[in-house]
Amino acid sequence: MTQDAAPVPEGTAAPAAVSAIAPEELDRMTGDIVAALKTVYDPEIPCDIYELGLIYKIDIDDDRTVAIDMTLTAPGCPVAGEMPGWVQNAVASVEGVGDVKVAMTFDPPWDPSRMSEEAKVALDWY
């Protein structure tokens, strides 16, 4: 969500950007998008990409376009060419979502510290 803002006098806080999407709808969409992302798995790792920490950013624009920045556990991942499409398809299935844009990034590179506690337990990384 981007909007032009009027200059703010020095020493005062800038107003928060306001979405054209109602807060309740934005919360529902966000939860549903995360749930959709949790259905996508790397075939070599028995844990979903969200809990693995492969999703770096989810932005929902006022026109309901969803932009996702994601990475892979390694640049040479055998499904590197396919996984963005899996993510796009999963998120596009969420009610209320418009266009879905998935960008792959390796900056910063993924490392195991990005995994959730759930992922660490599932992978027995303790």
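Two strands pair if DSSP finds at least two bridges between them. Keep that rule in mind, because strand 1 and strand 2 meet it with five bridges, in the antiparallel sense. One caveat before we go on: this is a predicted model.

Let me start with the overall layout. The chain has 126 residues, and 32% of them count as buried. Its secondary structure comes to four helices and three strands. Read from the N terminus, the order of elements is α-α-β-β-α-β-α. Take the contacts between residues at least 6 apart in sequence: 60% of them join residues at least 24 apart. The exposed surface of the chain is about 7500 Å². Carbon and sulfur atoms supply 54% of that area.

Now the strands. Strand 1 covers residues 55–60. Strand 2 covers residues 66–70. In the antiparallel pair, I60 has V66 of strand 2 as its bridge partner. The hairpin leaves five residues between the two strands. In that hairpin, R64 takes a positive phi, near 75 degrees. Hold on to R64; we will meet that residue again.

Strand 2 has another partner. Which way do strand 2 and strand 3 run, parallel or antiparallel? They run parallel, joined by five bridges. Strand 3 spans residues 100–104. Across that pairing, I68 stands opposite V102. Helix 3, residues 83–92, belongs with these two strands. Strand 2, helix 3 and strand 3 together make a β-α-β unit, and the unit is right-handed.

Stay with strand 2 for its faces. In a regular strand, side chains alternate between the two faces of the sheet. Here V66, I68 and M70 make up the covered face. A67 and D69 make up the uncovered one. So two of the residues I named for pairing, V66 and I68, sit on the covered face.

D69, on the uncovered face, brings us to charges. How many salt bridges does the chain have? The count is six. I will walk through three.

D69 pairs with K57, with the closest N and O atoms 3.5 Å apart. K57 lies in strand 1 and D69 in strand 2, so this pair ties together parts that are twelve residues apart in sequence. Both partners count as partly exposed: K57 at 38% relative accessibility, D69 at 23%.

Next, E51 and K38. Their side chains meet in a salt bridge at 2.8 Å, N to O. The pair links distant parts of the chain, 13 residues apart. E51 belongs to helix 2, residues 49–52, while K38 is in the loop between helix 1 and helix 2. Is E51 buried or exposed? E51 is buried, because its relative accessible area of 7% falls under the 20% cut-off. K38 counts as partly exposed, at 31%.

The third is D32 with R28. Here the closest N and O atoms are 2.6 Å apart. Why is the sequence spacing worth a look? The two residues are four apart in helix 1, so they are separated by about one helical turn. D32 counts as partly exposed, at 31% relative accessibility. R28 does too, at 25%. And this pair has company: E25, R28, D32 and R64 are joined into one network by salt bridges that share partners. That is the R64 of the hairpin.

Last stop, S19. This residue is in the segment before helix 1, which runs over 23–37. Its relative accessibility is 18%, so S19 counts as buried. What does the side chain of S19 reach? A polar atom of that side chain lies 3.0 Å from the backbone nitrogen of I21. The side chain of S19 also makes a polar contact of 3.3 Å with the side chain of D62.

To recap. Strand 2 pairs antiparallel with strand 1 and parallel with strand 3. The K57 and D69 salt bridge connects strand 1 and strand 2, so side chains as well as bridges link that pair. A network of salt bridges takes in E25, R28, D32 and R64. And S19, a buried residue, has polar partners in I21 and D62.

Terms used
Residues are numbered from 1 along each chain as its sequence is written. This is a predicted model: local features need pLDDT of at least 70, side-chain atom pairs count only at pLDDT 80 or more; totals for chains, interfaces and linings use all residues. Side-chain values use heavy atoms; hydrogens and water are left out. Buried means under 20% relative accessible area, exposed over 50%, partly exposed in between (1.4 Å probe, protein chains only). A polar contact is a pair of N or O atoms within 3.5 Å; within protein, one must be able to donate a hydrogen and the other to accept it, and residues adjacent in sequence count only if both atoms are side-chain atoms. Contact means heavy atoms within 4.5 Å. Accessible areas come from the Shrake-Rupley method with a 1.4 Å probe; for residues, only the protein chains shown count as cover. A crossover is right-handed if, with the strands pointing away from the viewer, the path from the first strand over the helix to the second runs clockwise. A salt bridge is a side-chain nitrogen of Lys or Arg within 4 Å of a carboxyl oxygen of Asp or Glu.
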